[in-house]
Amino acid sequence: MGLCQYYLLSVVLLLPALCYSQFTFTSSRASFYGSPDGLGTPAGACGFGAYGKTVNDANVAGVSRLWNNGTGCGACYQVRCNVPEVCTDYGVYVVVTDYGEGDDTDFVLSPRAFGRMALVDKSEELYTFGVVDVEFLRVPCRFRGYNLKFKVHENSKYPQYLAVSMLYVGGQNDVLAVEMWQEDCKDWVAMRRAFGAVFDISNPPPGAINLRFQVSGSAGLTWVVANNAIPKIWKAGVAYESAIQLE
């Protein structure tokens, strides 16, 4: 009964977390963080782990005003800088994997992503700016060849504590809530947003785990069900592939 009561409370708390959407470019500023290999960081606040380091060919970003209590994790943006003699017209396509604050910036980019806003042979010159004026636009995420995966976070402890995040969330979708089927309640029970894109629950039910998650996107507010999303014997740090592709 306690779990069922928690479910009701969590819905009330999550309903205000509506999606952030844009249809025109917005003016802002962007900087970049230090990285010896130019890639993203596996320690990003979204909780993606190694995925946050390499997804989208390491064209990733930390955000602050677009963070939205973690619902901004996994969102995709087109970011282009406004220095005509140095910057391309298109800019770069990035995936949000971290929280990051800069000098009045909306984006703190990986070094690779920051450099890819530049014209050919102009990336080193762009780095010297440190912070640049940019325009950005929310765009659908496209992960060719990948279905959505459920990643068991490294802090999970089998079988008493389970924390999960979703990788390769396609389209222009924000994950607002995650619920787990609880057989003894015969109902869906809310998982807590622990941090970033990570949702957790203590004492998950035995057996294969059925999940459903609420997304806000082009189709409005919808629930997506993933039966057997996580196997009976799950392991921390492992990402389990589903048959789901979001558009």
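In this predicted model, Glu179 stands opposite Ala190 in strand 10, and on the other pairing it stands opposite Arg212 in strand 13. The first of these pairings belongs to an antiparallel arrangement in which strand 9 (residues 174-182) is joined to strand 10 (residues 187-190) by four bridges. In the hairpin that these two strands form, four residues lie between the strands, and Lys186 takes a positive phi near 55°. The second pairing, between strand 9 and strand 13 (residues 209-217), is likewise in the antiparallel sense and extends over six bridges.

These pairings form part of an open sheet of four strands, which has the order 10-9-13-14 and antiparallel pairing. Strand 10 and strand 14 (220-230) stand at the edges of this sheet, and because each has a single partner strand, one side of each is left without a neighbour in the sheet. From one strand to the next, the twist averages 30°.

A further group of strands is arranged as a barrel, in which six strands close in the order 1-5-2-4-3-6 with mixed pairing. Neighbouring strands of this sheet are turned against each other by 45° on average, when direction is ignored. Within the barrel order, strand 3 and strand 6 are adjacent; strand 3 (residues 76-81) runs antiparallel to strand 6, and six bridges join the two. One of the residues concerned is Cys76, whose bridge partner in strand 6 is Val139.

The loop between strand 6 (132-139) and strand 7 (149-152) contains Asn147, and Leu148 lies in this loop as well. For Asn147, a polar atom of the side chain lies 3.1 Å from the backbone oxygen of Ser242. When neighbours within four places in sequence are left aside, the contacts of Asn147 are with Leu167, Tyr168, Glu241, Ser242, Ala243, Ile244 and Gln245. Leu148 has a relative accessible area of 1%, and it is therefore classed as buried, the limit for that class being under 20%. With neighbours within four places again left aside, the residues in contact with Leu148 include Met166, Val169, Phe213, Tyr240 and Leu246. Ile244 is also in contact with Leu148, and although these two residues are 96 residues apart along the chain, their C-alpha atoms are separated by 5.5 Å.

With regard to enclosed space, the count comes to one cavity of 30 Å³ or more, and about 140 Å³ of space lies in the largest cavity. The lining of this cavity is made up of 17 residues, of which Phe48, Cys73, Met166, Val169 and Val175 lie nearest its centre. Strand 8 (residues 161-167) gives the most to the lining, with three residues. Met166 and Val169, which are among the residues nearest the centre of the cavity, are also in contact with Leu148.

Elsewhere in the chain, Thr54 lies in helix 2 (residues 51-54). The relative accessible area of Thr54 is 47%, and this residue is therefore described as partly exposed, since the value falls between the 20% and 50% limits. Thr54 and Leu39 are 15 residues apart in sequence, and the C-alpha to C-alpha separation of the pair in space is 6.6 Å.

Conventions:
Residues are numbered from 1 along each chain as its sequence is written. This is a predicted model: local features need pLDDT of at least 70, side-chain atom pairs count only at pLDDT 80 or more; totals for chains, interfaces and linings use all residues. Side-chain values use heavy atoms; hydrogens and water are left out. A polar contact is a pair of N or O atoms within 3.5 Å; within protein, one must be able to donate a hydrogen and the other to accept it, and residues adjacent in sequence count only if both atoms are side-chain atoms. Contact means heavy atoms within 4.5 Å. Two strands pair if DSSP finds at least two bridges between them. Axes are lines fitted to C-alpha atoms, for helices over the stretch in contact, and angles run from 0 to 180 degrees between N-to-C directions. Buried means under 20% relative accessible area, exposed over 50%, partly exposed in between (1.4 Å probe, protein chains only). On a 1 Å grid over the protein atoms alone, a cavity is a set of points where a 1.4 Å probe fits but cannot get out, and a pocket is an open set with protein on both sides within 12 Å along at least five of seven lines; lining residues have an atom within 4 Å of a point. Grid points are joined across faces, edges and corners, and a volume is the space filled by probe spheres set on the points.
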